[in-house]
Amino acid sequence: MSKHQHPHPHSHDTAEESGNGPVPGGEEFWDGRYSESTRIWSGNPNALLVREAADLPPGRALDLGCGEGADTVWLARRGWRVTATDISTVALGRAAEHAAEAGVADRVEWQRHDFAQSFPEGEFDLVSACFLHSYGDFPRERILRRAAAAVAPGGTLLVVGHAGGPSWNPDAHADIHFPTPQEVLAQLELPEGGWEVLSAAEHLQPMTDPEGRPGTRPDNLLKVRRLA
Ligand SMILES: C[S@@+](CC[C@H](N)C(=O)[O-])C[C@H]1O[C@@H](n2cnc3c(N)ncnc32)[C@H](O)[C@@H]1O
């Protein structure tokens, strides 16, 4: 499965339909999702993170919804000290294995949080929220406002989100409204004069379809910098 595949927020498995399954988007739900196989994402870092963070001087980074840790490992390899956090203990365990294999375990602190309930302490030079999508009552807007509050003066907030279905199935998520970068920016309610908008745009990401043929998928990027 591609790393960038959307988590299908409106799909239901049999257990959910029967009402006996885990709460959609909760810890048990995501642990179950990650337990379905030994790897559910590609293992590659997010292409927009790589593009947008490559020139940033390494400092303290916060990876929100780190999943299997590909972004965290990429950042740590570049010298960042990363606080990597996710609701799923299964994902965090797997991500820690990947960081150890990459020889960067000493640069990563793992924290389990349900961002609806708690959030990592501290301030960070980079806060990254890549594909921080979930199911059910996921308070993404509130979480992203908390994410902005965790950015240190001079630091960067990067929000990468899905913008629609892939080229081989453009109507895949026709019933979902993915916020545009401008909508995410408005949701952040950043104080006027305190932030600089560095990028707010949709990007077509090259990727292969399930049969290995070339395709694309649209992603939204918002990059803002807190003024020092
Ligand atoms: C679509 S995945 C993206 C994972 C990773 N960022 C990537 O791009 O490969 C969303 C991640 O957010 C995590 N997540 C969902 N709801 C969460 C919550 N309430 N608190 C913390 N993490 C959450 C999930 O466990 C999952 O790892």
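These legends walk through several close-up views of a predicted model.

**View 1. The open sheet and its edges.** Here we look at a sheet of 7 strands, open and with mixed pairing, in the order S3-S2-S1-S4-S5-S7-S6. The edges belong to strand S3 (108-112) and strand S6 (195-208); each has a single partner strand, so one of its sides has no neighbour in the sheet. From one strand to the next, the twist averages 15°. As a reminder for reading this view, strands of a sheet pair through backbone hydrogen bonds, in either a parallel or an antiparallel sense.

**View 2. Strand S5 between two partners.** Let's move in on strand S5 (residues 151-162), which pairs with strand S7 (residues 214-226) in the antiparallel sense over 7 bridges. To find one of these places in the model, look for Leu158, whose bridge partner in S7 is Lys223. Strand S4 (residues 124-130) runs parallel to S5, and 6 bridges join the two. Here a handy landmark is Val127, with Leu157 as its bridge partner in S5. Of the 12 residues of S5, 10 are buried, so the strand is largely enclosed by the rest of the structure.

**View 3. Asp219 and its surroundings.** Staying with strand S7, this view centres on Asp219, which lies in that strand. Is Asp219 buried or exposed? With a relative accessible area of 1%, Asp219 is buried, because anything under 20% counts as such. Its side chain and that of Arg217 are joined by a polar contact of 2.8 Å. Beyond the neighbours within four places in sequence, the contacts of Asp219 include Leu48, Phe131, Gly161 and His162. Ala201, Glu202, His203 and Gln205 are also among them.

**View 4. Helix H4 under cover.** Helix H4 (residues 70-77) is mostly covered, with 7 of its 8 residues buried. The buried ones are Ala70, Asp71, Thr72, Val73, Trp74, Leu75 and Ala76. Their cover includes helix H3 (47-53) and strand S1 (60-64), along with S2, H5, S3 and S4. Just after H4, look for Gly79, which takes a positive phi of about 100°. One of the covering elements, helix H5 (residues 89-101), lies across strand S2 (81-86) and S3, and runs at about 170° to S3.

**View 5. An aromatic cluster.** Phe29, Trp30, Tyr34 and Tyr135 come together in one aromatic cluster. The model holds 5 aromatic pairs. Why is the pair of Trp30 and Tyr34 called tilted? The ring centres of Trp30 and Tyr34 are 6.0 Å apart and the planes stand at 35°, so the pair falls in the tilted class. Trp30 and Tyr34 are 4 residues apart in helix H2 (residues 27-35), a separation of about one helical turn. Trp30 counts as buried at 8% relative accessibility, and Tyr34 is buried too, with a relative accessible area of 3%.

**View 6. Around the ligand.** Tyr34 appears again in this last view, where 18 residues surround the ligand. The closest are Tyr34, Gly65, Asp86, Asp114 and Cys130. Which atom of Asp86 lies 2.5 Å from an oxygen atom of the ligand? For Asp86 it is a polar side-chain atom. Ile87 places a backbone N or O atom 3.1 Å from a nitrogen atom of the ligand. For Phe115, a backbone N or O atom lies 2.9 Å from a nitrogen atom of the ligand.

Note on methods
Residues numbered from 1 in each chain as written. Predicted model: local features only at pLDDT ≥ 70, side-chain atom pairs only at ≥ 80, totals over all residues. Heavy atoms only, no water. Pairing = 2+ DSSP bridges. Axes fitted to C-alpha atoms, helices over the stretch in contact; angles between N-to-C directions. Contact = heavy atoms within 4.5 Å. Phe/Tyr/Trp six-rings, centres within 6.5 Å; stacked < 30°, edge-to-face > 60°. Buried < 20%, exposed > 50% of the residue type's maximum accessible area, 1.4 Å probe, protein only. Near = heavy atom within 4 Å. Polar contact = N/O pair within 3.5 Å; in protein donor to acceptor, adjacent residues only side chain to side chain.
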